[in-house]
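Let's take a friendly walk through a protein model together. Keep the sequence and the 3D view open, and follow along one part at a time.

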Amino acid sequence: MANIALLLVPLFLIFNIISLPLPARAISSCNGPCKTLNDCNGQLICINGKCNDDPDIGTHICSGGGGGGGSSPSPSQNCKSSGTLTCGVNSYPQYRCSPPLTSSTQARLTLNDFSKGGDGGGPSECDEKYHDNSERVVALSTGWYNHGSRCGKMIRITASNGKSVTAKVVDECDSVNGCDAEHAGQPPCKNNIVDGSSAVWNALGLNQDLGIVGVTWYMA
């Protein structure tokens, strides 16, 4: 009987381990790895491949700071959300303003395909044309786009690796509207976005798989 009892103990432990619930899909917490904006827990956002506080919301959940080596934007205290756009089960803040421009304005550089059939939706707002991925062109958040006043003008973008490049403003990264065919189903942009072509990313020596990185920019 003693030998049987000894055998039952490990069998009991194995049964309990097997019966444990399987872990759910992992959501990264502070400084955890991420690839998309949805990979991070709660109000955290993916910056340079790591989950961190969202500068727009101004949370201080993570003690490590912006995760972008000082290149991620600081909270915009002078630009608050003007409303909310609901897209299915998700809601997104709407912005008609952007952080004030400085000699080194902090922003998030995102990746956009400005060519026909690309993820930019319709043709560029400034010239009603599509642009090849080899062109260094950008779209600016609604506030920075400023009703098209910066159309055709050049800006200089600098990455945290020290590289910089000039690019032409050809479109608006709409911070108010989205989730429709005109915007290729995408939600409204954040209010501090410089949406760059692959040529811009390549010139800055950035990994396009990151999808979003901290940069600074100014009017060239």
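Among contacts (heavy atoms within 4.5 Å) in the protein between residues at least 6 apart in sequence, 59% join residues at least 24 apart. Before going further, a word about the model: it is predicted, so local features need pLDDT of at least 70 and side-chain atom pairs count only at pLDDT 80 or more, while totals for chains, interfaces and linings use all residues. Residues are numbered from 1 along each chain as its sequence is written, and side-chain values use heavy atoms, with hydrogens and water left out.

Now for the building blocks. The protein has 3 helices and 10 strands; these are DSSP runs numbered from the N terminus, with helices (H or I) of at least four residues and strands (E) of at least two. Read from the N terminus on, the elements go α-β-β-β-β-β-β-α-β-β-β-α-β.

Let's start with a simple piece. Strands 3 (residues 83-87) and 4 (residues 90-94) run antiparallel and are joined by 5 bridges; two strands count as paired if DSSP finds at least two bridges between them. Together strand 3 and strand 4 form a hairpin with 2 residues between them, and Gly88 in the turn has a positive phi of about 65°. Across this hairpin, Thr86 stands opposite Ser91 in strand 4.

Next, look for the barrel. Its 6 strands close up in the order 5-9-6-8-7-10, with mixed pairing. One of the pairs is strand 6 with strand 9 (residues 193-196), antiparallel over 3 bridges. Here Val138 has Gly196 of strand 9 opposite.

What lies inside? Buried residues (under 20% relative accessible area, with a 1.4 Å probe and protein chains only) make up 40% of the 220 residues in the protein. A nonpolar core is a set of buried Ala, Val, Leu, Ile, Met, Phe, Trp, Tyr and Cys residues joined through side-chain atoms within 4.5 Å. The largest one has 20 residues, of which Leu109, Val138, Leu140, Ile157 and Val194 touch the most other members. Elements that each supply at least two residues of this core include strand 5 (105-111), helix 2 (142-145) and helix 3 (198-203). Apart from it lies another core, of 7 residues, among them Val137, Val170, Cys173 and Ile193.

Finally, pick out Leu140. Leaving aside residues up to four places away in sequence, Leu140 touches residues including Tyr145, Ile155, Val169, Cys173, Val194 and Trp217.

How values were computed:
Buried < 20%, exposed > 50% of the residue type's maximum accessible area, 1.4 Å probe, protein only.
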